[in-house]
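Here are a few notes to read alongside the structure. Have it open and find each residue as you go.

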Amino acid sequence: MLKLADLLTLTTNDIHVTFLTTNHVYNRLVKSRLSRHPRFTFETFWDGLPKEHPRGGDKFIEMLESVKQASRPLLEKMVAKDNDDDKLGVTCVTADGRLE
């Protein structure tokens, strides 16, 4: 999804991308190459889990449920029609998981 988001900002000047991810994932991405494009921004949130949580393996379902709960308010705010923080507004959401 990160590659897709990066490519979208490189293909046209009309697309602005906000990549929504957890603080945990973002901190791992910082160690690798992140997009430096001015129309590409990251929005992060706490996944609701303690720092020492393994976030995978046999705790994967627990992690998914926690991320779903923690991300809902931020996602709702981002796509709200009366969102004054973002003058451009949201025209498309591309997700790599299940949105409910």
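1. Let's start with a small polar detail. In this predicted model, a polar atom of the S71 side chain sits 2.8 Å from the backbone oxygen of V67. S71 is part of helix 3, which covers residues 60-79. Is S71 buried or exposed? Its relative accessibility is 14%, so S71 counts as buried.

2. Now have a look at helix 1, residues 2-11. Its buried residues include A5, D6 and T9. These three take up an arc of only 100° around the axis, so they sit on the same side of helix 1. Here's the textbook idea behind that: an α-helix has 3.6 residues a turn, so residues three or four places apart point the same way.

3. What about the other face of helix 1? Turned away from the buried side, you'll find K3, L10 and T11, which are exposed. And what covers the buried residues of helix 1? Strand 1 and strand 2 are among the elements that do.

4. Next, the aromatic rings. The model has four aromatic pairs. In one of them, the ring centres of F19 and F42 are 5.5 Å apart and the planes meet at 65°, so this pair is edge-to-face. The two residues come from distant parts of the chain: F19 belongs to strand 1 (residues 17-22) and F42 to strand 2 (residues 40-45), with their positions 23 residues apart.

5. Stay with F19 for a moment. F19 has 15% relative accessibility, so it counts as buried. Which residues share an aromatic cluster with F19? They are Y26, F40 and F42.

Technical notes
Residues numbered from 1 in each chain as written. Predicted model: local features only at pLDDT ≥ 70, side-chain atom pairs only at ≥ 80, totals over all residues. Heavy atoms only, no water. Phe/Tyr/Trp six-rings, centres within 6.5 Å; stacked < 30°, edge-to-face > 60°. Helix = DSSP H or I, 4+ residues; strand = E, 2+ residues; numbered from the N terminus. Buried < 20%, exposed > 50% of the residue type's maximum accessible area, 1.4 Å probe, protein only. Arc of directions from axis to C-beta. Contact = heavy atoms within 4.5 Å. Polar contact = N/O pair within 3.5 Å; in protein donor to acceptor, adjacent residues only side chain to side chain.
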